[in-house]
Amino acid sequence: LLCNNMKGSDVALKVQSPTGCLAHEFHILSCLEKRMKSKRGFKMITTNIFPRPLHFVAHGDGGLLAMTTASRSGINLIDLVNLYLAKEDSQVPELIALYYVSQMLQHLEILHSNCNILHCDVKPDNWVLTKTNACDSVEGSDLMLVDFGRSVDLEALDGALPHSVKFKGRATTKDMECVTMREGRSWSLDLDTYGLCASAYVMLFGSHMEVYQVSTTKVWRTSKPLRRYWNRALWNLLFEKLLNGGIEESQPKKLREIRSLFEAYLDEDNRRQHLAVLLKHQAAMLPKIK
């Protein structure tokens with residue numbers, strides 16, 4: 001009854017008892033959808049990168065949130081890493097990892113710059129494989145960012161200068177704390193970009209990201225070295241820029257600059273064609289239902 005207007009489409013139902021943050025998540029997703037629709041050009045190219053809220057119902061003993069789904073399987077990046085390990089005894093192909101990072105950079109740029117929403121829980125589990133809007137798209141040709149229960153509407157806190165809003169204190173698990181949070185400084189959009197780095201790291205290494213600070217330079221780095229045959233220039237740029245710098249730099253601008261370099265690399269030497277072959281092969285590996 002909640003989803004009569006979604007006949008023929010899959011719907012995700014999130015049920016909680018007690019209701020917890022379901023009402024807040026419905027509100028955030030509603031703001032996100034409204035702001036995306038108000039931006040010219042977003043309707044067609046970004047339809048499936050965030051869930052669309054459909055209905056929210058609260059009862060005395062709990063609540064139910066209905067929203068659009070990324071896919072029937074619900075495979076996320078952690079599942080994908082485990083799938084490659086089980087079926088091919090390997091990590092996610094670097095070309096797919098590079099492509100997914102370019103998509104994550106774009107999605108966070110839209111979320112932050114155009115919608116003024118801070119997700120606060122970006123991590124590998126919350127990037128779910130989905131399709132693009134292209135007619136020949138396969139599952140896994142794009143990613144949807146899910147789970148907005150902890151998100152903050154920066155526009156509601158400061159409508160004139162939403163990116164000037166800063167926070168202090170711990171707001172996530174210790175392993176997902178951004179550098180500024182670890183150092184006791186103010187944090188904001190860099191919490192989400194730290195989660196993007198953690199998501200990239202798990203695709204490369206198959207393990208959760210650990211970071212350390214170089215004592216002489218005070219620069220934060222990932223604990224494992226990059227392999228010599230990877231595109232170390234791009235990966236070093238991503239981790240060094242997003243782990244360091246904090247809130248002093250313009251995060252949306254930084255995301256845009258890094259994404260342009262990732263996309264330029266993917267556009268060279270027929271890499272897009274090779275990527276399409278890899279994604280098609282990957283789609284054939286994915287289970288129909290998780």
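Okay, let's start with one contact: the side chain of Asp-192 makes a polar contact with the side chain of His-112, at 2.8 Å. By polar contact I mean a pair of N or O atoms within 3.5 Å; within protein, one must be able to donate a hydrogen and the other to accept it, and residues adjacent in sequence count only if both atoms are side-chain atoms.

Quick housekeeping. This is a predicted model, where local features need pLDDT of at least 70 and side-chain atom pairs count only at pLDDT 80 or more, while totals for chains, interfaces and linings use all residues. Residues are numbered from 1 along each chain as its sequence is written, and side-chain values use heavy atoms, with hydrogens and water left out.

Back to Asp-192, which sits in helix α7. Helices here are DSSP runs of H or I, at least four residues, and strands are runs of E, at least two, numbered from the N terminus. Buried or exposed, then, this Asp-192? Asp-192 counts as buried because its relative accessibility is 0%; the cut-offs are under 20% relative accessible area for buried, over 50% for exposed and partly exposed in between, with a 1.4 Å probe and protein chains only. Leaving aside neighbours within four places in sequence, its contacts include Leu-108, Leu-111, His-112 and Asp-121, contact being heavy atoms within 4.5 Å. For scale, the C-alpha atoms of Asp-192 and Leu-275 are 26 Å apart, with those positions 83 residues apart along the chain.

Next, helix α4, residues 94-114. Its 21 residues reach 29 Å from first C-alpha to last, close to the expected 30 Å, which is 1.5 Å times one less than the number of residues. Of those 21 residues, 18 are buried. After α4 comes Asn-116, with a positive phi near 55 degrees.

On to the sheet. Three strands form an open sheet in the order β1-β3-β2, with antiparallel pairing; two strands pair if DSSP finds at least two bridges between them. The edges are β1 (11-16) and β2 (53-59), each pairing on one side only. Six bridges join β1 to β3, residues 62-68, and Leu-13 stands opposite Ala-66 in β3. Helix α1, residues 22-38, lies across β1, β2 and β3, at about 160 degrees to β2. For that angle, axes are lines fitted to C-alpha atoms, for helices over the stretch in contact, and angles run from 0 to 180 degrees between N-to-C directions.

Now β5 and β6, which pair antiparallel over four bridges, with Thr-130 opposite Asp-142 in β6. What covers the loop between them, I'll leave; look at Ser-137, which is in that loop. Ser-137 counts as buried, at 14% relative accessibility. Its side chain makes a polar contact with the side chain of Ser-141 at 2.5 Å, and a polar atom of that Ser-137 side chain lies 2.9 Å from the backbone nitrogen of Thr-132.

Last, aromatics. Rings of Phe, Tyr and Trp (its six-membered ring) pair if their centres lie within 6.5 Å; planes under 30 degrees apart count as stacked, over 60 as edge-to-face and the rest as tilted. How many aromatic pairs does that rule give? Ten. Take Tyr-201 and Phe-239: their centres are 6.5 Å apart and the planes are at 75 degrees, so the pair is edge-to-face. Tyr-201 is in α7 and Phe-239 in helix α8, 38 residues apart, so to speak distant parts of the chain linked by this pair. Tyr-201 is buried at 0% and Phe-239 at 5%. Both belong to a cluster linked by ring pairs, with Trp-235 and Phe-262 among the other members.
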